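Colleague: I have a model open and would like to learn how to read its pockets, sheet and core. Could you take me through them?

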Amino acid sequence: MLVQQILKGKSSDGVVTLKPGASVSDAAAMLSEKRIGTVVISVDGNKADGILSERDIVRELGKRGPGCMSETVNDLMTKKLVTCAPEDSTDKVLSQMTEGRFRHMPVVDKGVLVGLISLGDVVKAQLSEISMEKEALQGMIMGH
């Protein structure tokens, strides 16, 4: 299965982004309000400049306390992004996420941010693919 197939099944609301100067507190409020696990940091909404997850915020709260909430997302975000393309396979993406130990990956097509997929999205897609293969094999065995 390809990343573009996952994106087709997701809502078309677009990727939730914040500008680099936003506070960590604003990011946490947005994550809570939208019930999402990560936000892409982008100057223009078209290029992914960084990514900030709930886990990033909690990690810093644990290290430095609530003072980090008044800092900007630039201070906490992951700047070295691992991205994928719509034509990448879910096997490749799952491998990258597992090896890199992260749960969200921006999807970039010709330099433009076109989506965001989660580990859950990839696992769901792979389970669906396995189920279809199982049904096809059962049909072949049963002579259907």
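Colleague: Let's start with empty space: what volume does the largest pocket have?

Modeller: Rolling a probe the size of a water molecule over the atoms shows where empty space is left. Here a pocket is an open set of points on a 1 Å grid over the protein atoms alone where a 1.4 Å probe fits, with protein on both sides within 12 Å along at least five of seven lines. The largest pocket has a volume of about 490 Å³, counted as the space filled by probe spheres set on the points. It is lined by 19 residues, and K10, S11, G14, V15 and L116 are the closest to its centre; lining residues have an atom within 4 Å of a point. This is a predicted model, where local features need pLDDT of at least 70, side-chain atom pairs count only at pLDDT 80 or more, and totals for chains, interfaces and linings use all residues. Residues are numbered from 1 along each chain as its sequence is written, and side-chain values use heavy atoms, with hydrogens and water left out.

Colleague: Which strand gives the largest share of that lining?

Modeller: Strand β5 (residues 112-118) does, with 5 residues. Strands (E, at least two residues) and helices (H or I, at least four) are DSSP runs, numbered from the N terminus.

Colleague: And where is the centre of the second largest pocket?

Modeller: Look for I51, T78, R101, F102 and R103, the closest to the centre among the 17 lining residues. The volume of this second largest pocket is about 330 Å³. At least two lining residues come from each of β3 (50-53), α3 (54-64) and β4 (104-109).

Colleague: β3 is in a sheet, I think. In what order do the strands of the open sheet come?

Modeller: Two strands pair if DSSP finds at least two bridges between them. The open sheet has 3 strands in the order β1-β2-β3, with mixed pairing. β1 (17-18) and β3 each have a single partner strand, so one side of each edge strand has no neighbour in the sheet. β2 (residues 38-41) and β3 run antiparallel and are joined by 4 bridges. Across them, V39 stands opposite L52, while I41 has G50 as its bridge partner.

Colleague: Which way do the residues of β3 point?

Modeller: G50 and L52 point one way, I51 and S53 the other, and all are buried, that is, under 20% relative accessible area with a 1.4 Å probe and protein chains only.

Colleague: Which residues touch the most other members of the largest nonpolar core?

Modeller: In soluble globular proteins, nonpolar side chains tend to be buried together. A nonpolar core is a set of buried Ala, Val, Leu, Ile, Met, Phe, Trp, Tyr and Cys residues joined through side-chain atoms within 4.5 Å. In the largest one, of 14 residues, those are L18, V39, I41, L52, I57 and V73. Helix α2 gives the most to this core, with 4 residues.

Colleague: What is A27 in contact with, beyond its neighbours within four places in sequence?

Modeller: A27 lies in α2 (residues 24-34) and is in contact with L18, L52 and V73, contact meaning heavy atoms within 4.5 Å. A27 is buried, with a relative accessible area of 0%. A27 and L52 are 25 residues apart in sequence, and 8.1 Å apart in space, C-alpha to C-alpha.

How values were computed: Buried < 20%, exposed > 50% of the residue type's maximum accessible area, 1.4 Å probe, protein only.
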